[in-house]
Amino acid sequence: MQFPNFSSILSIHSMCESLISSLNNHYTMASSHPSVKDSPNYLVENAIEEVESPLDSPSTETDSERDVQSNKLEGEYEDQEIETESSDSDLDLDSDAEVDPTDESLSTTIIQEIDDGTYICLVCTCEIDRHLEIWSCQNCYRVYDLECINDWATRGSSTNAQNEWRCPACNVEHRTIPSKFTCWCGRVTRPSADTLIPFSCGNPCNVKYPHCVHSCSSVCHPGKHPECGALGPVMNCRCGKHNQQLPCLVTPYQMGWTCDTPCDTVVCEMDHKCSGGCHLGFCGPCKDQVDVRCYCGIETKTIVCLAIDPKVCYEKENRNERFVGGTSCNNTIVEYYECGIHSEELTCQPLSPSTLKCKFDPANVKTCYCGKTPAHELRSKCTDPMPECDQVCGKLLKCGCTCLAKCHEGDCECYNIIETKCSCNNASYLVPCKALQQGFVAKCRHKCTAALSCRKHYHREECCEFEQIALKREREQRKQVRNRVRTNFEDLLLTMEPIHICTRTCNLLKPCGSHYCEAMCHSGPCGVCLESSNEDLVCHCGKTVIPAPVRCGTKIVCQEQCVREKECGHAPEPHRCHDDNKQCPKCTKLVEKTCNCGAKLLKHVLCSVTNVSCGRICNSKLQCGHVCNRACSHDCVEGRHADVAACRLTCRKIRKNCPHMCQAKCHYSKKTPCDATICKEEVVITCECGRMSRKVPCGALMALPTKIGTIFGCDDECARIKREEELKSIFHNSPATHESTYPESVTSVFRRQVNWCLKMESIIRNFVSDYMDCVAAKLPAKKSLHFPPMMKPQREFLHNLAEVYRLYSESQDREPMRSVFLCITNLSVLPTLTIRQALDKEEDMERKRIQLEEMKLSQLNEAFFNAILIQDVFFGVTKEEVEKKVNEILENHPEIKESQLEWIKDSTYVFYDKHFAEMDKDKENELYILLKTFKKVLREKLIAFDCKMCLVNEDVDLILKTDLNNVVASTVEEKEKPEGSNNLYSILQNQEQEVES
């Protein structure tokens, strides 16, 4: 079998291109040249002749000659006007049927270069011939070696983590790795290499064209498909009276074509015909102009046939003559009644065939205007005046109300006031009914709260009538979201109120950072910027260029080294070429530089470092009282310290309404007092008895005092404890008050630091004493005392000492500036003894105790008893009752004149008299006799259960020894006695008998 020469195939392709171009030119001439309009088949006949002529004889014209002829034909009709209306045009084409010129030379070039072995693979830059395995990009039709493009797609610079890669030629993204060698159409795997077209399977392409019903009839080929050269189907014109067949390329599949035959269809009752040309569907209403008389017969008007409304009318002068009126005019006619006096003005309308009876005739008017009072006896002719009664008209009006006016002449007017809702139904107003009938709608000042379609803006229009509908729609949407019902935004947009669709411009900056979004306001991010530049994008070094047009946001990546020179003159660090908005790496050369304040010369400093600091802090005072606090600043050397307004240190000034420090940032420049902000420091407040305590904010403000010293009410537990102490004081004869002593924590520090403690105590005592004096004199007094910063042991001493004075104490600030302040409360007291006096008293007592301990036990045994010990005082007996009974006993003993009764502990008292200061055997016997009397009387009167002799010191506050002989004896006797009753009264009776014996 002999295959045709490849050059002949190329010549056939070129002839087809010229035929298509010529066919387009003939189509242009056919639609504009007047001579062609008379022959509807002219275009088809010439197209068929030109398609068949190249096949009969080979073309001898060159491509350049054909282009010249085509240009001449185009210039011949360049100045002629082409009508575009469908009624005057011979052929209409759909915009989808217009086909752009196809670059079919690309396919020829690929085949020719592969045959010659000169086609270059862009990946490996080697030649491709018909014996290799190839892969072709379906976008740019570039051919690559299969192994090279597979490696590029797998490991290339454009491959990302999702295995997406880009074609080296057109930069189009692909997701499939090339791994199979197929023919151009992809139906045959590993095609043979001995075909006419390299890598072709030899079968027809058979790819369907997108704009027609035919398929590509060329042999399996690379590149784009050639234009369709077949004839289209036979198509009727729009009216269906004619048909014709055109080449597929110019066949109007969508719009069809029109013939020159007029429609001539009768479209109305007046036998008018359709004036349009060939068309689809109904002809439409008649639009011919017709002259008709108006209903009143005054004018004759020219109107469209469609607008005629025929009615039977009568001549005004002669009611016996009739005519047909077709329309109304703007004239007003005066129609007189039978009386010839009264008349009525009428608009243009058909007149009645006879004259109307007067409406004021007594036969027609039988009542007053309102119809409530009879008037037939008051009037005899139509010219008599109409009667008016004094009643309310009360006629039902068109609006549904009744007339409120007095019986009157003429039409009624509504004067009723109606309560009506505004447009958004948020408010009610009283509006005249007449205004409502005229279309007035009440408006309120409420702004619409409905969100617009973009979900970014709100309507905010006053009194929106669609607000309630929008709110109901949003509630339904939220309900669907809760029920997990899927919704489509486009469907919601179709059901949304038009007034709530956002029509604003987005105007947000696009991701490119240079242009603003000009689309309608939308949800989600803005689209990609579509702006482009007509200038080439060139990198700084000039070695990498992206040719124009350059899309906005495109960034050039240059792999060359940056060639910018540094200002310092040092060699630049190796780095890639970059944009001007990105700086080169900083210089890393080590040099010597002077610090900012000029005090030191620092070595081994990076050349790029401009702020060289030696770390020296500026301690100059600012106007606010804080230090400058700058580190090694050149401005501080020149006297330009930090601005007071920029000071961010803590204020730390003592507030006026509380003793705390102001914890706010420095506000000196704002001229605001420290008490302008509420104090949030925690303070401790107690109840009245001091058992409970709470931490609460200080709360001091310019108009509010501090909560320091505030006492809150006690609870039931506090009341119970207080009641127990009172009962204990009453029934146990406890002393009501006794002197408070200083705690061990205070005295131990005082012994180690006497001078400092005396100074602190003097300051506190003077502070409390001055406050009490000022309060007594009704003068303003200072309630807080601040100490300078001190160490923790010293602060603890002040806190412990403040507890003795019942002062409120608190430490504030941080170490090492932590200090103590004291505040006077309602419970503050001034101790009677100082620390030194209290220590002296304790030392004196300790000295006496030591003296007593030094006494030998033998001396105590030989010493005589000098006092009576009253034990086991009955419950509820007070000290006064005991003293009263003792004084009654002493009335029989005149030698005892200076007696005293002292409480020792619990229910124990000591009786002592100076008469027994110097004891001997006789006085001890007297004391023993007195003891028997005490024991007997106090038992009988139920004052105390037992009495004994004892030895006490001079101050009568310490019992040295007690007489135990009687106790032992009584114990032995009790053991010898038989067991008796355990009754308390029996025991008392037995002991009384012993005392008598």
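Helices (H or I, at least four residues) and strands (E, at least two) are DSSP runs, numbered from the N terminus. With that naming in hand, the chain can be walked through piece by piece. The model is predicted, so local features need pLDDT of at least 70 and side-chain atom pairs count only at pLDDT 80 or more, while totals for chains, interfaces and linings use all residues. Residues are numbered from 1 along each chain as its sequence is written, and side-chain values use heavy atoms, with hydrogens and water left out.

Backbone oddities make a handy starting point. Pro 549 sits in the loop between β19 (545–546) and β20 (550–551), and the peptide bond leading into Pro 549 from Ala 548 is cis, with omega near 0°. A cis bond also runs from Glu 815 to Pro 816, again with omega near 0°; here the proline belongs to the loop between β27 (808–812) and β28. Two residues stand out for their phi angle instead. Asp 264 is not a glycine, yet has a positive phi of about 60°. Asp 264 is placed in the loop between β8 (243–244) and β9 (289–293), and its relative accessible area of 45% makes it partly exposed (buried means under 20%, exposed over 50%, and partly exposed in between, with a 1.4 Å probe and protein chains only). Arg 460, also a residue other than glycine, has a positive phi near 60°. Arg 460 lies in the loop between α7 (433–437) and α8 and is partly exposed, at 47%.

Next comes the inside of the protein. A nonpolar core is a set of buried Ala, Val, Leu, Ile, Met, Phe, Trp, Tyr and Cys residues joined through side-chain atoms within 4.5 Å. The largest such core has 26 residues, and Ile 764 and Phe 797 are the ones that touch the most other members. At least two core residues apiece come from α12, α13 (754–776), α14 (792–804), β28 (819–823) and α15. Helix α13 gives the largest share, six residues.

Then there are the charges. Side chains of opposite charge can pair when their charged atoms come close. A salt bridge is counted when a side-chain nitrogen of Lys or Arg is within 4 Å of a carboxyl oxygen of Asp or Glu, and searching the whole structure turns up 30 of them. One of these joins Arg 155 to Asp 151, with 2.8 Å from N to O. Both partners belong to helix α6 (residues 146–155), where they are four residues apart, or about one turn of the helix. Arg 155 is exposed at 65%, whereas Asp 151 is partly exposed at 35%. Glu 573 and Lys 566 pair up too, and their closest N and O atoms are 2.1 Å apart. This time the partners are tucked away: Glu 573 is buried at 19% relative accessibility, and Lys 566 is buried at 18%.

Another salt bridge brings together Lys 914 and Glu 898, at 3.6 Å from N to O. This pair links distant parts of the chain, 16 residues apart: Lys 914 is in the loop between β31 (908–913) and α18 (921–940), and Glu 898 is in the loop between α17 (879–890) and β30 (899–905). Lys 914 counts as exposed because its relative accessibility is 58%, while Glu 898, at 48%, counts as partly exposed. Elsewhere, Arg 630, Asp 635, Glu 638 and Arg 640 form one network through salt bridges that share partners.

Charges without such a partner can gather on the surface. Charged patches are made of residues with over 30% relative accessible area and no salt bridge, with like charges joined within 9 Å. Accessible areas come from the Shrake-Rupley method with a 1.4 Å probe, and for residues only the protein chains shown count as cover. Lys and Arg count as positive and Asp and Glu as negative, leaving out His and the chain ends; each charge is placed at NZ of Lys, CZ of Arg, CG of Asp or CD of Glu. A positive patch is made up of Lys 472, Arg 475, Arg 478, Lys 479 and Arg 482. Among them, Lys 479 lies in helix α8 (residues 467–482) and is partly exposed, at 43%. A negative patch brings together Glu 744, Asp 840, Glu 842 and Glu 843. Helix α15 (residues 835–854) provides its largest share, three residues. Glu 744 belongs to helix α12 (residues 744–752) and is exposed, at 56% relative accessibility.

Note on methods:
Patch = residues over 30% accessible without salt bridge, like charges linked within 9 Å, V, L, I, M, F, W, Y side chains within 5 Å.
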